[in-house]
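User: I'd like to go through this structure and hear what stands behind the labels. Can you take me through the reasoning?

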Amino acid sequence: KTTLLNLISGLLRPQRGQVMFDGRDVSALSPKERRIAQVFQFPVIYDSMNVEENLAFPLKNDGMSRGEIRKRVDQIAELLELGDRLRHRAGQLTAGEKQRVSLGRGIVRTDTAAVLLDEPLTVIDPQQKYGLRRKLKEVQVELGLTMIYVTHDQQEALTFADHVTVMRDGDIEQTGSPHELYAEPASPFIGYFIGSPGMNFLEVEVRDASIFFNGQNIGESIASIDGDLADSKTTTLGIRPEHVVVTSAKSSQGLAALVSLVEDTGAYKILTLEVEGVALKARVSESMPVREGESVRVTFPNDACSFFQDARRVGGGV
């Protein structure tokens, strides 16, 4: 992820391909020429300067007049809630305040094309992390800046971003809105990685437009998948825990399952079910009377299932 940021910023040159900004090839341009600001995991500021001097430094280097610098610094300080810290030495600030100053140095220029943030909240105290994340979102909306934010925390990515790109082993696995990644994962990896608990998977057989698991027909016609599923290929069925329907063992529908674990969150229950030797997760109502060791039945609504062949999604959306 960091390598990708460094390619975008110009700190690294791509061995092949191009880096495009608004349809313009900038592969040969320096970071300064690309007008990129980068905020790193550890704040990059001058401890010997006060907050005002840190924020003003990039503008002084650009030759901006003293009056314009003062006006811009005050604007950014107010936006980042640093107005009462302008005279404080950077070395006296908390980690969260230092990271806000580092962000301020990145956005203080009026011609910034994009702000690249490389896990900027990793070293921040958990109690401050939510507030700083909210402030980053407010800054993005207020200034209309493009922000590219690297994180290993899926919850952080899904709540912060309009578009999310998931990388795996140096390759882009999928790009889309948080809803698209959750509802229409491009691969089993995305299905399991996005969501808590992640997507359930069953190895199934496609035969005569029906779906079979261990010889049992578990689905209706798969015509809704546009006929893209190949009978001869190994097929994986994926379903989110909240879509697994759990009913009484007396029901004649679905697969027999054993409840091996009940996790009560207060708002809902997460069940771990043993189904033909496969462990599945189901999210059920808090009011559902279910106990560990109890036998139940599970069904999978056809319109809530995703199908994968050759580790890629097949057919239409959920």
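Analyst: Sure, starting with a term: buried means under 20% relative accessible area, exposed means over 50%, and partly exposed lies in between (1.4 Å probe, protein chains only). This is a predicted model, where local features need pLDDT of at least 70, side-chain atom pairs count only at pLDDT 80 or more, and totals for chains, interfaces and linings use all residues. Residues are numbered from 1 along each chain as its sequence is written, and side-chain values use heavy atoms, with hydrogens and water left out.

User: Why is N6 called buried?

Analyst: Its relative accessibility is 15%, and the cut-off is under 20%, so N6 counts as buried.

User: What makes the link between N6 and Q38 a polar contact?

Analyst: The side chains of N6 and Q38 are joined at 3.4 Å. A polar contact needs a pair of N or O atoms within 3.5 Å; within protein, one must be able to donate a hydrogen and the other to accept it, and residues adjacent in sequence count only if both atoms are side-chain atoms.

User: Why is the protein chain called more spread out than a compact globule?

Analyst: The chain has 9 helices (H or I, at least four residues) and 18 strands (E, at least two), taken as DSSP runs numbered from the N terminus. Its radius of gyration is 26 Å, well over the 20 Å that the globule rule gives for 318 residues, so the chain is more spread out than a compact globule. That radius is taken over C-alpha atoms, and the rule is 2.2 Å times the number of residues to the power 0.38. Along its principal axes, the C-alpha trace spans about 80 × 45 × 25 Å.
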